[in-house]
Amino acid sequence: MKPPEFILNISSLSQLRKPDPTILYDMLIIGGGPAAMSAAIYAARKMVNLIILSIDFGGLIKESAEIENYLGFQSINSLDLAARFEEHVKGFDIPASLGIAVKKIEKKENIFIAMMEDGTIYSGRTVIFATGGRHRSLNVPGAKELVGKGVSYCATCDAPLFQSKKVIIIGGGNSAFSTAIDLIRFKADIVLVNFSEGWQADAILQQRVKYYDKIKYLDSHEVISIGGDNKVENVILRNRKTGKEVIIDANGVFIEIGLVPNSSAVSDLVKLNEIGEVITDCLCRTSVEGFFSAGDVTSIPHKQIIISAGEGAKAALSAYEYLLHMI
C-alpha cells in the first residue's frame with residue numbers, strides 16, 4: 001500500500017505538554033534543531049523525564065532549500081525535513097517551552113539552572129546543549145545598515161525578490177553555492193565572491209552551478225563596503241593579490257561566510273574554543289560533569305544535518321548513562 005503523502009505541519013504549542021518550572025527534570029535539552037530533536041527522541045525512548053527549551057523547532061534547516069545529502073532522501077525540501085523531525089518529537093509526551101530564549105545556565109550543588117529571558121527558571125540533573133549557530137555577519141560599511149534592503153542571509157526567504165536582478169554572493173563554501181542554485185531558479189545575474197583562493201564547496205555543488213553561464217567567479221577578493229542609499233546599489237571589492245579595487249553594481253548581496261555558535265548562555269560555565277564553540281569529547285561530554293553538548297554549537301567538525309542528528313543521539317545516550325550512575 002502506498003503511504004499517505006506527507007503534509008507539512010506548523011509548530012503548535014497545543015501539541016506539546018506544558019512545562020512545569022517547579023519540577024526537577026532529569027534532562028534539560030536546550031535547542032530545537034536536528035541535534036536537540038534527535039536527543040529528545042532518544043531520551044524519551046529511555047523514559048527520561050526531560051524538557052525542551054527552545055525558540056522554535058527546525059533551526060537553520062529552515063533557511064535552506066533542497067536537502068540532497070540526508071540519508072533516505074534523494075532530495076527533500078528543507079521545510080518538509082524539519083517538519084518530519086518535529087512530528088517525530090511530538091509523537092512523545094514531552095514538555096516544551098517554545099518562543100523564549102535561554103539567557104544563562106549555571107550549576108549549583110550538582111543541579112543545572114536554566115534562566116529564561118522572561119525570568120522563568122528550569123532545573124535539571126543533566127543538560128544537552130544544542131543551540132546550533134547563526135549566520136556570521138560581514139563587518140563592513142553597509143552590511144548592517146542595508147539588511148532587508150538588499151542585504152540578506154537567507155536565500156530561501158529572499159531569492160524570489162531578485163528575479164532577473166544582479167546579485168553578489170559572498171562566500172565560497174556549500175552555503176554560498178546552494179544560494180547560487182536558489183538564485184539560478186530566478187534567472188539572477190550572479191557574482192560569487194570568495195575571500196580565499198579556490199572554492200570550498202562540494203564538487204557536485206560546484207558542478208551544478210558551473211552549468212549556469214550567468215555566473216562570474218571572483219576568488220581572493222575581500223569586500224570593502226556595500227553601497228547604496230536606502231537600498232543596495234553596489235559593492236566595492238579588493239583583489240587580495242594585486243590590491244586593485246573594483247566597484248560592481250548590484251541589486252542584492254547574500255552573505256554566506258559561515259556560522260557563529262550560539263554559546264553565550266554557557267560562556268561562563270563550560271570551556272569554549274577560540275571561536276566560541278563548546279569543546280566536547282567523543283561522548284559529547286564537556287568540561288563540566290553532567291553537561292553534554294551536540295550539533296553546530298560544538299567543536300565537532302563538519303556542520304551537517306546528519307552529523308548533528310547523530311551527535312544529538314549520542315549526547316542523549318551519554319547523558320542517560322550518566323543519570324544511571326547518579327542513582
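The largest nonpolar core of this predicted model brings together 38 residues, and those with the most contacts inside it are Met27, Ile29, Leu50, Ile52 and Ile128. Several elements feed this core: strand 1 (24-30), helix 1, strand 2 (50-54), helix 2 (78-90), strand 5 (96-98) and helix 6 each supply at least two residues. Helix 1 gives the most, with eight residues. A second, separate core holds 21 residues, among them Leu53, Ile105, Phe129 and Val278.

It is worth pausing at Ile52, one of the residues with the most contacts inside the largest core. Setting aside neighbours within four places in sequence, Ile52 is in contact with Ile29, Gly31, Ala40, Phe57, Val89, Ile94, Pro95, Ala96 and Ser97.

Now to a pair of helices. Both helix 1 and helix 6 supply residues to the largest core, and these two helices also meet each other. Their axes, for residues 34-45 and residues 305-326, come within 7 Å and cross at roughly 35 degrees. The crossing is right-handed. On the helix 1 side the contact is made by Pro34, Ala35, Ser38, Ala39, Tyr42 and Ala43, and on the helix 6 side by Ile305, Ser308, Ala309, Gly312, Ala313, Ala316 and Leu317. By class, this contact has ten nonpolar, three polar and no charged residues.

Next, a single tryptophan. Where does Trp199 sit? Trp199 lies in the loop between strand 12 (189-194) and helix 5 (203-210). Not counting residues up to four places away in sequence, Trp199 touches Gly171, Gly172, Phe177, Leu192, Val193, Asn194, Gln206, Tyr217, Leu218 and Asp219. Ser220 is 21 residues from Trp199 in sequence, and their C-alpha atoms are 9.9 Å apart.

Stepping back to the whole chain, the secondary structure comes to six helices and 19 strands. The radius of gyration is 21 Å, close to the 20 Å that the globule rule gives for 327 residues, so the chain is as compact as a globular protein of that length. Here are some overall values for your notebook:

| Feature of the chain | Value |
|---|---|
| Span of the C-alpha trace along its principal axes | about 65 × 55 × 35 Å |
| Share of the 327 residues that count as buried | 48% |
| Share of contacts with a separation of 6 or more that join residues 24 or more positions apart | 61% |

Methods
Residues are numbered from 1 along each chain as its sequence is written. This is a predicted model: local features need pLDDT of at least 70, side-chain atom pairs count only at pLDDT 80 or more; totals for chains, interfaces and linings use all residues. Side-chain values use heavy atoms; hydrogens and water are left out. Axes are lines fitted to C-alpha atoms, for helices over the stretch in contact, and angles run from 0 to 180 degrees between N-to-C directions. Helices (H or I, at least four residues) and strands (E, at least two) are DSSP runs, numbered from the N terminus. A crossing is left-handed if the near helix is turned anticlockwise from the far one by less than a right angle, and right-handed if clockwise. Contact means heavy atoms within 4.5 Å. Ala, Val, Leu, Ile, Met, Phe, Trp, Tyr, Cys and Pro count as nonpolar, Asp, Glu, Lys and Arg as charged, and the others, Gly among them, as polar. A nonpolar core is a set of buried Ala, Val, Leu, Ile, Met, Phe, Trp, Tyr and Cys residues joined through side-chain atoms within 4.5 Å. Buried means under 20% relative accessible area, exposed over 50%, partly exposed in between (1.4 Å probe, protein chains only). The radius of gyration is taken over C-alpha atoms; the globule rule is 2.2 Å times the number of residues to the power 0.38.
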